[in-house]
Amino acid sequence: LRWPDMLSRALWFAKVNLALVVLSVCTTTLFYVAFIVFTLLAVGRDIESEVVEACFAFLFVSWLLDSLFNDICVVFVGFGPTAASLAIVGAAARADIVGRPVLQSEMLENTAPGHVQ
């Protein structure tokens, strides 16, 4: 992947980060809904074995998707360039003049370990 400048690269990583977080939240919600529905069906009435198997299958597939997207999100956010990319996007948002380039030294200073804004 090639980007014309650092801001384009940072925006791309910010969009990927947002998409992963949204997918992670959606799959977690799906798992919770599947768990609640299965619990209500299992406790509320005597259901057929085919329905139980279908509910279990849906529950486990939603659990799998939830675990996968949560892990992918954690790895991308934890080990990816997300912090530096968000610092660059923030620096671009604080620009005094529209189109004023943000110097690489400013961005590197803002992303240095221990830097507090």
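Trainee: In which helix is Val61 found?
Mentor: The structure is a predicted model: local features need pLDDT of at least 70, side-chain atom pairs count only at pLDDT 80 or more, and totals for chains, interfaces and linings use all residues. Residues are numbered from 1 along each chain as its sequence is written, while side-chain values use heavy atoms and leave out hydrogens and water. Helices (H or I, at least four residues) and strands (E, at least two) are DSSP runs, numbered from the N terminus. On that basis, the element that holds Val61 is helix H2.

Trainee: Is Val61 buried, partly exposed or exposed?
Mentor: Buried means under 20% relative accessible area, exposed means over 50%, and partly exposed lies in between (1.4 Å probe, protein chains only). Because its relative accessibility is 47%, Val61 counts as partly exposed.

Trainee: Which residues make the nonpolar surface patch that includes Val61?
Mentor: Patches are made of residues with over 30% relative accessible area and no salt bridge (a side-chain nitrogen of Lys or Arg within 4 Å of a carboxyl oxygen of Asp or Glu). Like charges are joined within 9 Å, and nonpolar side chains (Val, Leu, Ile, Met, Phe, Trp, Tyr) within 5 Å. The patch covers about 580 Å², by the Shrake-Rupley method with a 1.4 Å probe, only the protein chains shown counting as cover for residues. Helix H2 (residues 49–79) gives the largest share, six residues, and the members are Leu30, Phe58, Val61, Leu64, Leu65, Leu68 and Ile72.

Trainee: Which residues of H2 are buried?
Mentor: H2 has 31 residues and reaches 44 Å from its first C-alpha to its last, close to the expected 45 Å, which is 1.5 Å times one less than its number of residues. Its buried residues are Cys55, Leu59, Ser62, Asp66, Cys73 and Phe76.

Trainee: Which helix supplies the largest share of the largest nonpolar core?
Mentor: A nonpolar core is a set of buried Ala, Val, Leu, Ile, Met, Phe, Trp, Tyr and Cys residues joined through side-chain atoms within 4.5 Å. The largest one consists of Phe31, Ala34, Phe38, Cys55 and Leu59. Helix H1 (6–44) and H2 each supply at least two of these residues, and the largest share, three residues, comes from H1.

Trainee: Which residues does Leu59 contact beyond its neighbours within four places in sequence?
Mentor: Contact means heavy atoms within 4.5 Å. With those neighbours left aside, the partners of Leu59 are Phe31, Ala34, Phe35 and Phe38.
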